[in-house]
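Me: Please take a close look at one loop of this structure and the region around it. I am new to the structure, so I would welcome a connected account that then moves outward to the rest of the chain.

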Amino acid sequence: MTCYDRRDLGLLLLRLGTGGVLAAHGAQKLFGWFGGGGIEGTGQFMESVGYSPGKVSARASGLAEAGGGALLALGLATPAAGAAAAGAMAGASAVHAPNGFFAQSGGYEHAASLGLTAAGLAVTGPGRLSLDHALGHHFDRGWMVPAALAGTAAVTLAVVGARSRLVRRAAEGEQETLFDE
């Protein structure tokens with residue numbers, strides 16, 4: 001069947017919107033584009049919120065966002081692209097979680113929405129208006145979905161867990177004085 005239907009158009013819109021936002025966000029980290037800090041500035045920020053070493057964390061999150069976002073927009077290697085982007089957004093959500101849900105208060109609303117959409121695209125697939133479809137789904141096999149999501153989940157849990165331990169230790173060392181002398 002060569003006729004595209006509304007599902008294909010809907011998936012294209014989701015991929016372009018989500019992938020574009022993620023790619024731009026990653027380009028801020030990697031290249032300093034769109035007012036971003038580049039590797040240096042983002043590395044300092046990552047270090048300040050507990051992702052250490054900062055420059056390595058900036059490169060990893062920048063690649064996951066820019067690469068995953070670009071691939072999602074193109075509809076290429078959709079399971080891996082969606083999983084990588086979802087993992088990066090889980091890491092961002094961990095930073096914003098203490099501020100609550102809503103972005104207006106610095107919460108994780110935006111990161112969670114991008115991550116869930118990326119994960120949903122990884123599971124659903126890119127639709128027929130995609131490079132995956134044009135290339136015969138060589139990079140979009142059924143077995144790749146659970147493999148990509150499980151691999152990303154394992155790495156994300158390790159990285160976010162390490163950050164949580166670092167932040168917790170830092171907070172314990174900054175305990176206020178209980179009694180004045």
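Reply: His137 is found in the loop between H6 and H7. The model is a predicted one, and the values that follow are computed from it. The phi angle of His137 is near 60°, a positive value in a residue other than glycine. With a relative accessibility of 25%, His137 counts as partly exposed.

The helix that comes before this loop, H6, covers residues 131-134. Leu131 belongs to H6, and its relative accessibility of 35% makes it partly exposed. Leu131 also takes part in a nonpolar surface patch of about 350 Å², which it makes together with Leu74, Leu135 and Phe139. One of these partners, Leu74, comes from another part of the chain, for helix H3 spans residues 54-74.

On the other side of H6 is the loop between helix H5 (109-124) and H6, and Gly127 is found there. Gly127 counts as buried because its relative accessibility is 17%, and buried means under 20%. Leaving aside neighbours within four places in sequence, Gly127 is in contact with Asp8, Leu11 and His133. The loop is thereby brought together with the beginning of the chain: Asp8 is found in helix H1, which runs over residues 6-31. A further distance shows how the fold joins these parts. Gly127 and Leu13 are 114 residues apart in sequence, yet their C-alpha atoms are 11 Å apart in space.

Seen from the side of H1, the picture is consistent. Asp8 touches Gly127, Arg128 and Leu129, when residues up to four places away in sequence are not counted. At 5% relative accessibility, Asp8 counts as buried.

Charged groups add to this picture. Side chains of opposite charge can pair when their charged atoms come close. A search of the whole structure finds five salt bridges. One of them joins the side chains of Arg7 and Asp5, with 3.1 Å from N to O. Arg7 is exposed, at 55% relative accessibility, whereas Asp5 is partly exposed, at 30%.

Salt bridges also occur elsewhere in the chain. Lys29 and Glu65 form one, with their closest N and O atoms 3.0 Å apart. This pair links distant parts of the chain, since Lys29 is in helix H1, Glu65 is in helix H3, and the two are 36 residues apart. Lys29 and Glu65 are both buried. Another salt bridge is formed by Lys55 and Glu40, whose closest N and O atoms are 3.0 Å apart. Lys55 is in helix H3 and Glu40 in helix H2 (residues 38-48), so that this pair, 15 residues apart, likewise links distant parts of the chain. Lys55 is partly exposed, with a relative accessibility of 39%, and Glu40 is partly exposed as well, at 44%. To return to the start of the chain, salt bridges that share partners join Asp5, Arg7, Asp8 and Arg128 into one network.

Two other loops have backbone features that merit attention. Ala77, in the loop between H3 and H4, has a positive phi of about 55° although it is not a glycine. Ala77 is buried, with a relative accessible area of 17%. Pro53 lies in the loop between H2 and H3, and a cis peptide bond with an omega of about 0° joins Ser52 and Pro53.

These parts fit into the whole as follows. The protein has seven helices and zero strands. Its C-alpha atoms fill a box of roughly 80 × 30 × 30 Å, taken along the principal axes. Of the 181 residues, 39% are buried. Among contacts between residues at least 6 apart in sequence, 65% join residues at least 24 apart. The accessible surface comes to about 10300 Å², and carbon and sulfur atoms account for 65% of it.

Finally, the largest pocket holds about 860 Å³ of space. Its lining consists of 40 residues, and Met46, Ser61, Ala88, Gly91 and Ala92 lie nearest the centre. The elements that give two or more residues to this lining are H1, H2, H3, helix H4 (78-96), H5 and helix H7 (144-173).

Note on methods
Residues numbered from 1 in each chain as written. Predicted model: local features only at pLDDT ≥ 70, side-chain atom pairs only at ≥ 80, totals over all residues. Heavy atoms only, no water. Patch = residues over 30% accessible without salt bridge, like charges linked within 9 Å, V, L, I, M, F, W, Y side chains within 5 Å. Areas by Shrake-Rupley, 256 points an atom, 1.4 Å probe, with all protein chains shown as cover. Salt bridge = Lys/Arg side-chain N within 4 Å of Asp/Glu carboxyl O. Helix = DSSP H or I, 4+ residues; strand = E, 2+ residues; numbered from the N terminus. Buried < 20%, exposed > 50% of the residue type's maximum accessible area, 1.4 Å probe, protein only. Contact = heavy atoms within 4.5 Å. 1 Å grid on protein atoms, 1.4 Å probe; cavity = no way out; pocket = protein on both sides within 12 Å on 5 of 7 lines; lining within 4 Å. Points joined across faces, edges and corners; volume = space filled by probe spheres on them.
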